[in-house]
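Please open the model in your viewer and keep the selection panel at hand. The tour below moves from one selection to the next and says what is there.

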Amino acid sequence: MHSFSDRHHHAFTVSELNRQVKSLLESSFMQVRVQGEISNFARPSSGHWYFTLKDGKAQVRCALFRNKNLRVRFSPKDGDQVILTAKVSLYEGRGEFQLIGEMLEADGEGQLQQAFEALKAALAKEGLFAAAHKKPIPAHPKHLGVITSPSGAAIHDILSVLKRRFPSLPVTLYPSAVQGTEAAAQLIAALKLAQQHQRADLIIIGRGGGSLEDLWPFNDENLARTLFSYPIPVISAVGHEVDFSIADLVADLRAPTPSAAAELISPDQDALRILLDRQANRLSRQLAYILTQKRNSVQHLRQRLRHPGERIREQKSRLNNAQQRLQAAINKKLTGARHHHSLWTQKLSQQQPGRKIEQKRLQLVRYTERITQEFTRLHTQKRYALSGLITRLNAISPLATLERGYAIIQDSDAKVVTNTQQIKTGDVLINRLHQGSFTSRVDKIYPDTFLHTHSGTDLKTDSNTDPDT
């Protein structure tokens, strides 16, 4: 740079001045974030963006070159409130102060990004994003439910892909707002309606691209919890490939775009046709092989099969042979039986059975007489023995004792009294005689020696004759 004295005597060219001012600005401001409203927005064919950023009191020219604006997540337009991250510079050709942009975001998107990250961390901690909770996506869905705006590009992209790849798949659209304050509640209501219908076995929920603010309904916590507990598998297809939402993380599968979601669930018709042709060829070969095997088996069985008439003739011949053998065996048996009969007849005639029968009859008569005599002898012997036993029994019978003048004395309980110790004075005793009985009362009890010393003495007794005697 020129010294003060040099500057006093040296005049800058415009180019030199602008170059030094540019160098001074770029070295003084490394990077700044500037908030303002877009105006005079232009997209030339080069792909660069040129616009003015202004507020109520000033404005500044801005440039966002193509390699930078490809990362912008929304489509800017005049009137948008934005925050531009940029380097301060000077356009030397016109001497215009300008900002060379590095990143452009909608005003307020920074706060939304912070809220997104906070909710994402909280739900991740609860396990809402865990792979263990994700339901498998059916390989061949029978009915597809789509939750999106009926006028948006998402439904048209999905239907276009399905028409090309899987036109037989039935599709039911559950319309919902996908942007704005009411969108989250409508998305939840659409999910519940699809569940009530019990028609779809797979749901696609999503929309086309947009800014973080545009996609914000898909970051709603209530929507996330509804998706987490939803019984039907859900594919989330929100925005473009670079866009991520809470719904993408909670859903059972995330698709980069709605078109990609339709691609994921729809088999390619051409691939299916090739697969079917291959399977048909395999089936044809298998059927041909089986038919050949069966044909050979039938041919083999036909060769083994004999005509029924031939089998009947064979059986008839076998039956005739068996009858002949049976007749020969019967004749042989009869001849043998006749021979044996003749022999036994001859032997029987030699034995003279009439004489033997007479001998046996006489022998039986003798045995009968001997048995009768023995029986008579035994009867007489047993009768004499029985008579002796009767005589002996009468000799020891209590009745015989009573007949000789003795009595049997019993107490009031009909127990026989054999000892004076069994009675006491005043007892009434029963005296049983040979014929009849009477009662007596005990006046006095004597010792055993009394009768021996007073034999023949008159004893007074108080007796009452039994009225039954």
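In this predicted model, begin by selecting helix H6 (residues 183-197) together with helix H7 (residues 221-228), whose axes come within 9 Å and cross at roughly 15°. Because angles under 35 degrees count as roughly parallel, H6 is described as roughly parallel to H7, and the crossing of the two is left-handed.

Next, turn to the salt bridges, of which a search of the whole structure finds 13. Select Glu 105 and Arg 33, whose side chains meet in a salt bridge with an N to O distance of 2.8 Å. This pair links distant parts of the chain, since Glu 105 belongs to strand E5 (residues 96-106) and Arg 33 to strand E1 (residues 32-42), 72 residues apart. Glu 105 is buried, at 11% relative accessible area, whereas Arg 33 counts as exposed at 51%.

Stay with strand E5 and select Glu 102, which meets Lys 68 in a salt bridge (3.0 Å, N to O). Lys 68 lies in helix H3 (residues 66-69), so this pair ties together parts that are 34 residues apart in sequence; Lys 68 itself is partly exposed, at 23%.

Now move to helix H12 (residues 353-395), where Glu 374 and Arg 377 are three residues apart and therefore separated by about one helical turn. Their closest N and O atoms are 2.3 Å apart in a salt bridge, and Glu 374 is partly exposed at 37%, as is Arg 377 at 43%.

Finally, select Phe 12, Leu 17 and Val 21, which make a nonpolar surface patch of about 220 Å². Leu 17 lies in helix H2 (residues 14-28) and counts as partly exposed, at 44% relative accessibility.

Note on methods:
Residues are numbered from 1 along each chain as its sequence is written. This is a predicted model: local features need pLDDT of at least 70, side-chain atom pairs count only at pLDDT 80 or more; totals for chains, interfaces and linings use all residues. Side-chain values use heavy atoms; hydrogens and water are left out. Patches are made of residues with over 30% relative accessible area and no salt bridge: like charges are joined within 9 Å, nonpolar side chains (Val, Leu, Ile, Met, Phe, Trp, Tyr) within 5 Å. Accessible areas come from the Shrake-Rupley method with a 1.4 Å probe; for residues, only the protein chains shown count as cover. A salt bridge is a side-chain nitrogen of Lys or Arg within 4 Å of a carboxyl oxygen of Asp or Glu. Helices (H or I, at least four residues) and strands (E, at least two) are DSSP runs, numbered from the N terminus. Buried means under 20% relative accessible area, exposed over 50%, partly exposed in between (1.4 Å probe, protein chains only). Axes are lines fitted to C-alpha atoms, for helices over the stretch in contact, and angles run from 0 to 180 degrees between N-to-C directions. Angles under 35 degrees count as roughly parallel, over 145 as roughly antiparallel, 65 to 115 as roughly perpendicular and the rest as oblique. A crossing is left-handed if the near helix is turned anticlockwise from the far one by less than a right angle, and right-handed if clockwise.
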